[in-house]
Amino acid sequence: MPNVAEDLVRVLGRERVLWEPEHLAVYGFDGTAALSGEADCVALPKTTGEVAQVIGYAAKNKIPVVTRGSGTGLSGGSVPVPSCIVLCLAQMNRVLELDEKNLTINVESGVVTQKVAELADAVGLLYPPDPGSMKISTVGGNVAENSGGLRGLKYGVTRDYVMGLEVVLANGEVAAFGNKCVKDVAGYSMKDVFIGSEGTLGVITRVLLQLVPRPATKKTMLTTFSQMDAAAETVSAIIAARIIPCTLEFLDRITIRCVEDYAHVGLPLDVEAILLMETDGHPAVVAEEADQMAEIARRHGAVTVQVAQTAEEAARLTTARRVAFAALARVSPTTILEDATVPRSELASMIRFIQQTAAKHDVNVGTFGHMGDGNLHPTFLTDERNAAEMARVEQAMGEIFDHAVRLGGTISGEHGIGLAKKAFLPRAIGDASLEVMRQLKRTLDPDNLLNPGKIFV
Amino acid sequence: MATPEGLHEAAVRIGRSNPQHARQGASTYLKRLDYSVLQQCIHCGLCLPTCPTYDETKLERNSPRGRIALMRRIADGKLAVTRAFGEELYFCLGCLACETACPAGVQYGEMFEHARADIEQAGVMRHPRRDVVRKLTLRWLFTHPQALRAFGRLLWVYQNCGLEFLVRTLQLTRFLPGRLRALEPLTPRLERHFSNALIRPVETPLNPRHRVGLLTGCVQDLAFSRVNRDTADVLLANGCEVVTPPAQFCCGSLHAHNGELELSREMARRNLEAFDLDRLDAVITNAAGCGTHLKHYGQLLQDDPVYAERAVKWSAKLRDVHEFLAEIGLEAPRGSIPQKVTYHEACHLCHGQKITRQPRQILQAIPGLELVELPESAWCCGSAGIYNITQPEMSQKLLQRKMENLQKTGADIVASANPGCSVQLQAGIRQTGSQLRVLHPVSLLAQAYRNGQTGRKA
């Protein structure tokens, strides 16, 4: 048993420290393709106190700590660095309080997102952020990555629902930020610093989330297009018509085929693009908006517009969309998912550019994404053992990122930088911004022990 | 009683390297497996919430994604086949819920069988008692149908001559070693007559429209031969001439799932010999666990110089009974069964064969029968072949969960289409003192046909 493991056993007991090769191997990766590492040991704390003890120990002995939840991240954020402790919070999963008077839920960070959604739904409330992996992703991971989802367009992202955080700081001290008050300007809004910090500034142990009343009704529509541009233009036109639907999801031909292969929901296979549109709210508003959206889609060349007849049918469609990324893995062994994001007005241009770039570098790309918020997921279908092709993928990816930035967009809408995109960060945000981030990192984690080597080159 | 903490400890324990078990080996089976099968997993994690073992322990290694990562490492030669790996793969239920959850289409079952074969070949799990039991059951009893039936006869005599009653009343089971003592209540009640005494080799309805072969299974044959008779009745009522070879072999799923791939191939060859495929429209099974395996004969024997082609044809003709009835159009039963019934999904029916609609449709076709949905109907009951024998703690935990869900339905009958599940559910019913009855959907259907003929109500 390594010394570190031996010491941690004293804090957590024998059963919650893992160091055998068969355990370390499986905590060596997350949901990101072609990235892996190996920790010295894995710690499985169950309380904030235990997390604080582990972090305190790591700080004293200058040992790096990589925090993770369920390991579904898509930028390599929780991939272990050499000689680190992996701090897995999956077992720290108590729901502490559901406050129906204040519309909040307080959970430990290992609680699975779906659980929060179900608890809210059971009392007529809604937790809007719904990342693709919500069935298993943890709230802590969602906050650390500031995850988005299919409803970002209308409801925003995880950040918009975090009211408070409990964080174990790099020195092992426990700090709490925020509260149940809608208004709170007592000092800096420090919780916002930790949201999206990818485990590099502190370990999030508890999260106070805001819930909203569940919309009375919703309507889901499936529209098909023979041109990708037409789908993009439909989206721009819907927004321009002052309609904010809760979902405008887009799938291209190759993604449609893969999703249908798995989910068998009857998606048409002979179209270039599908737009999955959903509007929710008051029944009268929903009916009117749905009609308008259908009309706009038709005007922009939609081949078919089909309204889901039942809630089950609607759920089947959105569930099918949710698995798009993993379904694309049917095509080739390595599936590299990106999330370049542009202002909605630039969607058509971005999609055209992705197609041209893929053709230029002779790589296979399937694209889907949250068209309503400009968040696209061009997905490279390749094989990590094919070095030449991987090099072309890298090249195409760089060009796509650059183009997104040129259009006023960003290199990552919702997956984070982690390991996968850190090389692209400097040219995406500029020196001054990057330096502010570095200063913040140095201030909160002077010894660079919390998830070192992530975000920054 | 299995507590979450207890299970967690057990799960971690099996990961500990034990110096007494330093034996390890290299892989041959996983290495030989088409690499694209191993590479298919993109470790997205969508399988995690559907995995019963991960759900209990929240340990990555106890998840499909974790197990696949280990298997890939072993195939890559980066990790040896160790005892810890062996214990992990035997902690897996093989329920295939992960295959249903996987959008990428990972063939977990295929990898799992190869991994267990590697484990047996490396001998990392060897133990004198385990070796004897395996030799006696897998290698002998379940490869010799006559011996199995003779054993079944003995067991039936024991259960019915009063001896078992005496043993249980006098609590003589307390003299058994701990493991066996715990298992004794799981012994299925055997039938007096086996399938060959109940079903003639060829049975023909008045106007035959189809000609099918009927597989009678091994556990099904000993403990549920009446289900086989009911299956034949239902097929006859649906215009099928039923061909049932009196001597049949175990389908080999037991062997394939327990690291004996070669033996399972041998069993497959013998079954291929027992049926004249060209004269049959379909080969019918009523046991979910067997069905999944039987449908894979084509894959299993793909390199067999003699049987490969026939195995492919077999796989194409193999049908689960519910699936087949839905395909040919079910003859509506006229007799009613005014009971509240819930449906437990055998893993190898819903996950292994993706058959979920058809059994429910059959139940709903029965007049008077009220079908109530079972919460978590597709969550493993813990039977998982011989898992309830090899991993009693985890199995018991799953059985409790299943019994609690069954309780919620308020049903009189739980319909289940797999003999392993039925034995497990019956044990759960005895433990909880529930009044539930376990019946195969086809038995209910057969009853409805019978009720229709006599105009009687159940």
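## Helix H21 of chain B

Right after H21(B) comes B:Gly329, and its phi is positive, near 85°. Keep in mind that this is a predicted model, so every value here is computed from it.

The helix itself covers residues 321–328 of chain B, and its buried residues are B:Val321, B:His322, B:Glu323, B:Phe324 and B:Leu325. What do the buried residues of H21(B) pack against? Their partners in chain B are helix H15 (225–237), strand E4 (282–285), strand E5 (318–320), helix H23 (357–364) and helix H27 (441–454).

## H5 against H8 in chain B

Elsewhere in chain B, helix H5 (residues 64–75) packs on helix H8 (residues 108–122), with an angle of about 55° and axes 11 Å apart. That angle is why H5(B) counts as oblique to H8(B). As for handedness, H5(B) passes H8(B) in a left-handed crossing.

If you want to find the contact on screen, look on H5(B) for B:Pro64, B:Ile68, B:Met71 and B:Ile74, and on H8(B) for B:Tyr108, B:Met111, B:Ala115 and B:Asp118. Sorted by class, that contact has seven nonpolar residues, one charged and no polar ones.

## Chain A as a whole

Over to chain A, where the secondary structure adds up to 16 helices and 18 strands. How does the radius of gyration of chain A sit with a compact globule? Chain A has 22 Å, and a compact globule with 457 residues would come out near 23 Å, so the two agree. Along the principal axes, the C-alpha atoms of chain A fill a box of roughly 65 × 60 × 45 Å.

Of the 457 residues in chain A, 53% are buried. Contacts in chain A also reach across the sequence: taking those between residues at least 6 apart, 74% join residues at least 24 apart.

## H8 against H10 in chain A

Chain A has its own helix pair to look at. Helix H8 (residues 228–240) and helix H10 (residues 283–299) of chain A have axes that come within 9 Å and cross at roughly 140°. H8(A) and H10(A) are therefore oblique to each other. Here the crossing is right-handed.

On the H8(A) side, the contact uses A:Thr234, A:Ala237 and A:Ile238, while H10(A) brings in A:Met293, A:Ile296 and A:Ala297. In terms of class, this contact of H8(A) with H10(A) has five nonpolar residues, one polar and no charged ones.

## Lys360 of chain A

A:Lys360 belongs to helix H13 (residues 347–360) of chain A. Is A:Lys360 buried or exposed? It has 12 C-beta neighbours inside 10 Å, so A:Lys360 counts as exposed. Measuring aside, one pairing is handy for orientation: A:Lys360 and A:Arg392 are 32 residues apart in sequence, and their C-alpha atoms are 9.6 Å apart in space.

## Where the two chains meet

The contact takes 29 residues from chain A and 31 residues from chain B. On the side of chain A that touches chain B, helix H2 (21–26) and helix H12 (324–327) each supply at least two residues. Which element gives the largest share of that side? H2(A) does, with five residues.

By class, the side of chain A that touches chain B has 16 nonpolar residues, eight polar and five charged.

How values were computed:
Residues are numbered from 1 along each chain as its sequence is written. Chains are lettered from A and ligands numbered from 1 in the order in which they are written. This is a predicted model: local features need pLDDT of at least 70, side-chain atom pairs count only at pLDDT 80 or more; totals for chains, interfaces and linings use all residues. Axes are lines fitted to C-alpha atoms, for helices over the stretch in contact, and angles run from 0 to 180 degrees between N-to-C directions. Helices (H or I, at least four residues) and strands (E, at least two) are DSSP runs, numbered from the N terminus. Angles under 35 degrees count as roughly parallel, over 145 as roughly antiparallel, 65 to 115 as roughly perpendicular and the rest as oblique. A crossing is left-handed if the near helix is turned anticlockwise from the far one by less than a right angle, and right-handed if clockwise. Two residues are in contact if their C-beta atoms, placed from the backbone, lie within 7 Å. Ala, Val, Leu, Ile, Met, Phe, Trp, Tyr, Cys and Pro count as nonpolar, Asp, Glu, Lys and Arg as charged, and the others, Gly among them, as polar. The radius of gyration is taken over C-alpha atoms; the globule rule is 2.2 Å times the number of residues to the power 0.38. A residue is buried if 20 or more other C-beta atoms lie within 10 Å of its own, exposed if 12 or fewer, and partly exposed in between; C-beta atoms are placed from the backbone.
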